[in-house]
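User: Please explain how the descriptive terms applied to this model follow from their cut-offs. I should like each value set against its definition.

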Amino acid sequence: MTIADLWILMPLLLLAGGSLLILLLGAIVPGRYTTTVGVAVTLGAALWAVQSPPALLAPNLGLAATPFARFFTIFFSLTTATVLVLADRYNSRHGIAGEEFPATMLFAAFGMVTLSASVNFLTFFLGLEALTFAFYILVAIDLNRPASAEAGLKYLLLGAVAAAFIAFGIALIYTGSGSLAIDTAMRAAAGDNLLVRSGWGIMLIGLAFKASLVPAHLWTPDVYQGAPTPVTAFLAAASKGAAVVALLLLLTRLDTADFLRIPLGGLALLSMVVGNLAALRQENVKRLLAYSSIGQMGYVALALLAGKSGGYEASAFYAVAYGAMTITAFGALTVLDEGGSVERVDDLRGMGYKSPFAAGVLALALFSLAGIPPTAGFTGKFLIFAAVLRAGEFGLAVAGMLTAAVSVYFYLRVVVSLYLQPRNDSFTVPAATATESTVLALVSSLIVLLGVLPGGMLELAAKILR
């Protein structure tokens, strides 16, 4: 192993070593300081990825330090650090003790970083399944709630099926192309290679599960509702982001993605329609956001369909924006949720006056998810629909705009409950700590910044996708 290989491997060594260190420290000297260690490790991985690498590829490791890999290493590391901070007090209140939570969070980040840096299908599959295995544990980690165990079991069973589809798809692509290298295998799809294209179709089924695209979406509302709220935040932001990264990693290597036009278009249309219409009837806040996430991923699939017409840049932009929006929304719910008392939309009545800061950032996140300017959600949807129109998919663009208009109703319904409904005095809401307030303020600022000044992020997205 060369120095360059070690340099490329360092973020993964930090995350894996940090996870093992937390487990050892927790066993020897128990305490809640393990969260601080986890945050320090993830920030270290992000800072390491900021540096310019001595080489872009480590072919013996199946990893790269391309701008794409480094950018998403930073994104996933910072997302993990943010959720760790927001989860600390929540875990204390809900009896989620021990070192397992931060250690598993770091292991999930390890999988995400491996995925974004992969150059062959071995590391690609390893990263994808490493993060999925971590989420099996995280979803079921609240031993005091049967709903958490139930959600973990559902996620495990369906996730195993999705993994089988992805593995079988990779096997067919390897058989048809003769290579596990992603670049070589994707070039083989340019011809009429039936095996490679069949493998793409089967693998797309598994990736649709990871992104909660209809009809592979049925796990989403139950898992969002049953998982601890910080885990739901991490699942919505980082796991969905990883699914977008996986699709970008493959699609950008294709000379033409015309053979995927019908399956991607169908997934996008079904997800936008089913997700947004189903969200209209939800009373549980987390189920509402779960169904809305299905619709949101439909917009990302729409951007991927637009491809080189600006769709890839729009999907990368929206992955970051959506991550900020969902962390803000679920982070605010984490602060507001005292002893599991916030479940339904009605439970949020008058929260805008009982907890102004947390309710305010929740309202901002909902406005952004609804696509109301000047937020990142509006800019992201504008970029997606513009790319789809440039690609000539007018029918899908109109469908996307109509479903986005429908979504405004259920997002604003929550805002109305926050500010225009009588106060619910059946429980008290603890004030956010200084650390929680700082983190939520920073992520909320990012939502506004990406909405008002998207140029820098768009230039960066174009650069990392070259």
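Analyst: One residue to begin with is Ser212, which is placed in the loop between H8 and H9. The model is predicted, so local features need pLDDT of at least 70 and side-chain atom pairs pLDDT 80 or more, while totals for chains, interfaces and linings use all residues. Residues are numbered from 1 along each chain as its sequence is written, and side-chain values use heavy atoms, without hydrogens and water.

User: Why is Ser212 called buried?

Analyst: The relative accessible area of Ser212 is 0%. Buried means under 20%, exposed over 50%, and partly exposed in between (1.4 Å probe, protein chains only). Ser212 therefore counts as buried.

User: What makes the phi of Ser212 worth noting?

Analyst: Phi of Ser212 is near 60 degrees, a positive value in a residue that is not glycine. Most residues other than glycine have a negative phi.

User: Which peptide bonds are called cis, and what are their omega values?

Analyst: The bond joining Val214 and Pro215 is cis, with omega about 15 degrees; Pro215 is in the loop between helix H8 (194-211) and helix H9 (219-226). The bond joining Pro373 and Pro374 is also cis, with omega about 5 degrees, and Pro374 is in the loop between H15 and helix H16 (376-390). Most peptide bonds are trans.

User: How many helices and strands does the chain have, and what makes a run count as one?

Analyst: The chain has 19 helices and two strands. They are DSSP runs, numbered from the N terminus: H or I over at least four residues for a helix, E over at least two for a strand.

User: How do you know that the radius of gyration agrees with a compact globule?

Analyst: The rule is 2.2 Å times the number of residues to the power 0.38, taken over C-alpha atoms. For 466 residues this gives a value near 23 Å, and the chain has 21 Å, so the two agree. The C-alpha trace spans about 65 × 60 × 40 Å along its principal axes, and buried residues make up 60% of the chain.

User: What makes a set of residues a nonpolar core, and how many residues does the largest one have?

Analyst: A nonpolar core consists of buried Ala, Val, Leu, Ile, Met, Phe, Trp, Tyr and Cys residues joined through side-chain atoms within 4.5 Å. The largest has 149 residues, and Phe121, Phe124, Trp200 and Leu348 have the most contacts inside it. Helix H13 (residues 311-336) gives the largest share of this core, 18 residues. Apart from it lies another core of 19 residues, including Ile8 and Val41.

User: Which residues does Phe124 touch, and what counts as a contact?

Analyst: A contact means heavy atoms within 4.5 Å. Not counting residues up to four places away in sequence, Phe124 touches Leu115, Ser118, Ile170, Ile182, Ala246, Leu249 and Leu250.

User: Why is the pair of Glu129 and Lys210 called a salt bridge?

Analyst: A salt bridge requires a side-chain nitrogen of Lys or Arg within 4 Å of a carboxyl oxygen of Asp or Glu. The closest N and O atoms of Glu129 and Lys210 are 3.4 Å apart, so the pair meets the definition. The pair links distant parts of the chain, Glu129 in helix H5 and Lys210 in helix H8, 81 residues apart. Both Glu129 and Lys210 are buried.

User: How many salt bridges are there by this rule, and which residues form a network?

Analyst: The count comes to nine. Glu150, Lys154, Asp222 and Arg287 are linked in a network of salt bridges.

User: What ties Arg413 to Glu283?

Analyst: A salt bridge joins them, with the closest N and O atoms 2.8 Å apart. Arg413 is in helix H17 (residues 394-419) and Glu283 in the loop between H11 and helix H12 (285-306), so the bridge ties together parts 130 residues apart in sequence.

User: Why are Asp183 and Arg253 called partly exposed?

Analyst: The relative accessible area is 38% for Asp183 and 28% for Arg253. Both values fall between the limits for buried and exposed, so partly exposed is the term for Asp183 and Arg253. Their side chains meet in a salt bridge (2.9 Å, N to O).
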